Amino acid sequence: MKIDNIVVGALQVNCFIVYDEDSHDAIVVDPGAEAEKIIRLIEDRELKVSRIVCTHAHFDHVGAVTRLKEKTGAAVMLHKGDSDIYMRADKQAALWGFQIEQPPAPDMYLLEGDEIAVGKFSLKVLHTPGHSPGGISLYGEGVILTGDTIFAGSVGRTDFPGGSAKELKKSFARIIALPPETRIFSGHGPQTTVKNEKEDNFFVHEL
């Protein structure tokens, strides 16, 4: 399984293209902005995008969903806990001084334990709320894509509508209980590992 990272938008979101090199089956995770940049990489790799997965529905993570779906026909997927946030993403963006095209209605809601196939590989959906009520992480093949739940040395904010410090603590504890060599791909910033975050993340002291 390969993961390509494209940093997009003014808020520097990590958009991930996860794919199987043999079948060229792919998913796009958190296409937050700069749709053409994402599409260019997909075309360069000759990938077949079957799903667009949003780890959560904040506008900076969903801003390119409309254009990407138009181009690929991929199904849009997120957790139902974030459906209200998702369906007013354009208004949320406007409050922050940004403009995005309102994403289309989701094709499918994801649940804890769902498996998302990527060619011969698969990623398991973990419900990891706190930054938002419907935040999810995707876990498998020695990696976890965490959205804005955890960053290298830090965690996501909980002061947005639907955020919860109590839930974030549970989600954080769940992630750092994974095998220490698990690579963490966050919604912003550099890659890290479970081992590094158990040792260096300030939030450990909040548990």
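A salt bridge here is a side-chain nitrogen of Lys or Arg within 4 Å of a carboxyl oxygen of Asp or Glu. Keep that cut-off in mind as we visit D25 in this predicted model.

**A buried acid**

D25 belongs to strand β3, which covers residues 25–29. What is the nearest side chain of opposite charge to D25? It is R51, 4.5 Å away, and the buried D25 has no salt bridge. That follows because a salt bridge has to lie within 4 Å. D25 does have polar partners, and the table gives their distances.

| Group on D25 | Partner | Distance |
|---|---|---|
| D25 side chain | S50 side chain | 3.3 Å |
| D25 side chain | G119 backbone nitrogen | 2.8 Å |

Beyond its neighbours within four places in sequence, D25 is in contact with V18, Y19, D20, K48, S50, A117, V118 and G119.

**Around helix α3**

Strand β3 comes up again here, as one of the elements that the buried residues of α3 pack against. Helix α3 spans residues 65–72, and its buried residues are V65, T66 and L68. Their other packing partners are α1 (35–45), β4 (48–53), α2 (59–62), β5 (75–79) and α4 (83–86). Just after α3, the backbone at G73 takes a positive phi of about 75°.

**Out on the surface**

Now for the outside of the model. Which residues make the nonpolar surface patch of about 430 Å²? They are L11, L95, W96 and F98. Of these, L95 is found in helix α5, residues 89–95. L95 counts as exposed because its relative accessibility is 77%, and the cut-off for exposed is over 50%.

Technical notes: Residues numbered from 1 in each chain as written. Predicted model: local features only at pLDDT ≥ 70, side-chain atom pairs only at ≥ 80, totals over all residues. Heavy atoms only, no water. Patch = residues over 30% accessible without salt bridge, like charges linked within 9 Å, V, L, I, M, F, W, Y side chains within 5 Å. Areas by Shrake-Rupley, 256 points an atom, 1.4 Å probe, with all protein chains shown as cover. Helix = DSSP H or I, 4+ residues; strand = E, 2+ residues; numbered from the N terminus. Buried < 20%, exposed > 50% of the residue type's maximum accessible area, 1.4 Å probe, protein only. Lys, Arg positive; Asp, Glu negative; His and termini not counted. Polar contact = N/O pair within 3.5 Å; in protein donor to acceptor, adjacent residues only side chain to side chain. Contact = heavy atoms within 4.5 Å.
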